[in-house]
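Here is a walk through a two-chain complex, for anyone who likes to turn a structure around while reading about it. Keep the viewer open and follow along.

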Amino acid sequence: MIRHVHLRAAFCCITAGLLSLAGEVALATDESKNETKEATPPYELGSGLRLGNSGFYLGGYGSAEYSAARRAEPDFSLSHADLFFWWESQSGFKFFSEVDGEYEAATHRNPDLGERRTLSLARLYLDDTYSDSLTLRLGKFLTPIGRWNLIHADPLVWTTSRPVPTKSPFPGTATGAMALGNFSMFGRPLDYSVYVSANGDLRRDPNEDEFHKAIGLHLNVPVNDATQLGFSYVIFSQNPDTENHQRLLGLDLLWSHHGSEIMGEAIRRVSSHGAQSDELGAYLQGAVPVYGRLYGVVRLEGFHQASPEQTIRNGVFGLAYRQSRAISYKIEVDRSLNNNGNASVSFLSSVSVLF
Amino acid sequence: MPLSRRCALLLSTLLLGHLALAQGPPTQGIAVIMADGSTEPFLSIAKLALIFKRKQTFWANGQRIQPVNLPPAHPLRRAFSQQVFARSPEDLDDYWRDMYFHGVLPPFVLASEEAVIRFVATTPGAVGYVSPCVLDHRVTVVLRLYEGPACAHQPQ
C-alpha cells in the first residue's frame, strides 16, 4: 500500500515537472525564429504534447466506465489512466514508456473480473533503428500476437469490453528483445517482428502470469489498400507453471473501407500437458457508420478455455460515437453463454480520451 | 531530305515550341518537392505513401526523412491525400490514432505553401508538396501529380 502511494506520488511529480518543462520550452520556441515556430505544431488533443524541440513527448489516454450486470452491483470507475512518455532522436534512438493505472477510482470493484486497483508498467523500451527494415528493441513491449493486443487502448477500439481470445491465452506484454521493421513487397510494406522473452517482467500486471520464456514471430501483410492479414506464432512457457510448454498460432484480419471495418482473430494454443490444456478461440467484429460519426458495432466470439475448462460464446452489440480523433463514447450489451448453460447479460458504457 | 519536308519539320517544331511557351508552367496539379540539390531525383507514388504514413523514415543515404503536410482542410492536402492514399485526411484518423499509441506521430503540418517551401529548402531530408505555380529555385520537383486544385496564385 505504502509502495503504491509512493509510486503514485512519484508519478504525479514527474508529470507536473514535465508539464512545467513543456511550458518553458514552448515559451522559448515562441521567441525563436519563424522557421522553428512553423515546425512546432500547437498542442492538439490526441496527438501528444511535444516538449519544444527537445525530442521529448508526453501523451496518454484515460477512460471512465459504467457497468451493470445481473446479480452484480453496478459500478462506475476510472478504468484506465495511462501516461506515455517518449523521446526520439534524429539518429534513430527512441525511448518509450507507458505507465498504466487501472481502477484508480471506482464505486465498486469486482476482482473476479480483474477490476483491481493497480499501477503497472505497461511498456518501457529502447529502440535503435538501423534502417526501416531493422529496429532493435530492448525492454518491455506489447506481445505482438494478433491485432487487438497491439492497439488495445480504449480510445482505439470499438467496444468497452475486450474479446476473450485476445487476452486470456497469452500475456499481453513481454520483457526481452525484439527485431522489427518493414520490407517492401509489391510496393506495399510487410511488417515483421521477431522477439524473445526471458524470465521475469518489469513491474508486471498482477492480473496476468508473465512469460517464463518465449520466442515468437508476427507478420502483417497488406493485401490491398483495404485489407491486411496477420500471422502470429510463439513458443512459450508462463510463470508459475514453467513446465507447461506451449505453442500458439494466430491469424488476424483487418478490412476497412469508407469508415466501415471488419476485424477478426483466431488463435489455437497447444500445451505439452495434453489436449485438456489446449485453448482455441476466435472473434469477428464489424463496425459500420450509422449516422455521421455514430457507428454500429457487432462482435461474435467463441473461446474454449482450459482452466477452468469451459466454452464461452459471447455476442456484443453496441454503438460507438467518435466525436473526434481523440474522444469516443461507447455503449454496448454483452451476452455471454457458457457450455454449462449459464447465460449472463451485461451493460457497459464508457467515455475515453486520448490526450 | 527534300526541301519541302525540311521546311515542314522546321515549321512544326517552331509551332510546337510556340505552343509550349504559350502554355507556360502548369497551373493545376501538385508538385512534390525537396531541397534543391537533393540526392533523390524521383519519387514514386507508392514511396510517397510510405513516407507520408511514416513507414519509410530514412532516405537511401541514411538521412532521416522529414515529411511536411498542409492543414487537413487545405484543398491541396485533400487532393494529395486522395491521390496518394485514395483516402481523405479524416479517413486516415484511425491509422494515426493507432500509430500514436506506438509513439509515431503524423508529419508536421505547416500553414502555407510558402512555409512548406521554406521548410523543405532549409531542412535536410525534408519533403513536401505545393502548387506548381509557387515553385522557385529553392526547391526541386521530385514528382508531379496531375490532379489538384487550380493555382490560387499567378505563375511567376
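What follows starts with confidence, moves through chain B and its contact with chain A, and ends with some strands of chain A.

Before anything else, remember that this is a predicted model. The predictor gives the complex an ipTM of 0.84 and a pTM of 0.83. Chain A has a mean pLDDT of 85, with 85% of its residues at 70 or more. Chain B averages 84, and 79% of its residues score at least 70.

Where should you be careful? In chain A, helix α1 (residues 2-30) has the lowest mean pLDDT of the elements, 41, while strand β13 (residues 279-291) has the highest, 97. Over residues 1-38 of chain A, pLDDT stays under 50, and the model has 29 contacts beyond four places in sequence for that stretch. Chain B has its own weak spot: confidence is lowest in helix α1 (residues 3-23) of chain B, at a mean of 49, and highest in β4(B), at 97. Residues 13-23 of chain B stay under 50 in pLDDT, and the model has zero contacts beyond four places in sequence for them.

Now for chain B itself. Its secondary structure comes to five helices and five strands, and reading from the N terminus the elements go α-β-α-β-α-α-β-α-β-β. Of the 156 residues in chain B, 28% are buried. If you take the contacts in chain B between residues at least 6 apart in sequence, 66% of them join residues at least 24 apart.

How are the strands of chain B arranged? They make an open sheet of five strands with mixed pairing, in the order β3-β2-β4-β1-β5. β3 and β5 of chain B stand at the edges with a single partner strand each, so one side of each is left without a neighbour in the sheet. Further in, β1(B) and β4(B) pair in the antiparallel sense over four bridges. To find this pairing in the viewer, look for A31(B), whose bridge partner in β4(B) is V130(B).

Next, see what packs on these strands. α3(B) lies across β1, β2, β4 and β5 of chain B, and runs at about 95° to β5(B). Then there is α2(B), where L48(B), L50(B), I51(B) and F52(B) are buried. Which elements do those residues meet? Within chain B, the buried residues of α2(B) pack against β1 (28-35), β2 (66-69), α3 (75-85), β4 (126-130) and β5 (139-150), and they also pack against β8 (188-197) of chain A. After α2(B) comes R54(B), with a positive phi near 60°.

That brings us to the contact between the chains. It takes 22 residues from chain B and 26 residues from chain A. On the chain B side, α2 (45-52), α4 (93-101), β3 (108-109) and α5 (113-122) each supply at least two residues. Which of these gives the most? α4(B) does, with five residues. By type, the residues on the side of chain B that touches chain A divide into 12 nonpolar, four polar and six charged.

α4(B) deserves a longer look. Its buried residues are R97(B), Y100(B) and F101(B). Why do they line one face of the helix? Seen down the axis of α4(B), these buried residues fall within an arc of 105°, so they line one face. It helps to recall that an α-helix has 3.6 residues a turn, so residues three or four places apart point the same way. The buried residues of α4(B) pack against β2 (56-69) and β17 (343-354) of chain A. Following α4(B) is G103(B), which has a positive phi near 75°.

Finally, cross over to chain A and find strands β3 (residues 75-88) and β4 (residues 93-106), which pair in the antiparallel sense over 11 bridges. D82(A) stands opposite D100(A) in β4(A). β3(A) and β4(A) form a hairpin with four residues between them, and G92(A) in the turn has a positive phi of about 115°. On from there, β4(A) is joined by 10 bridges to strand β5 (residues 118-131) of chain A, and the two run antiparallel. One pair to pick out here is F95(A) with its bridge partner in β5(A), L126(A).

How values were computed. Residues are numbered from 1 along each chain as its sequence is written. Chains are lettered from A and ligands numbered from 1 in the order in which they are written. This is a predicted model: local features need pLDDT of at least 70, side-chain atom pairs count only at pLDDT 80 or more; totals for chains, interfaces and linings use all residues. A residue is buried if 20 or more other C-beta atoms lie within 10 Å of its own, exposed if 12 or fewer, and partly exposed in between; C-beta atoms are placed from the backbone. Two residues are in contact if their C-beta atoms, placed from the backbone, lie within 7 Å. Ala, Val, Leu, Ile, Met, Phe, Trp, Tyr, Cys and Pro count as nonpolar, Asp, Glu, Lys and Arg as charged, and the others, Gly among them, as polar. Two strands pair if DSSP finds at least two bridges between them. Axes are lines fitted to C-alpha atoms, for helices over the stretch in contact, and angles run from 0 to 180 degrees between N-to-C directions. pLDDT is the predictor's confidence in each residue, from 0 to 100. The arc is that of the directions from the helix axis to the C-beta atoms.
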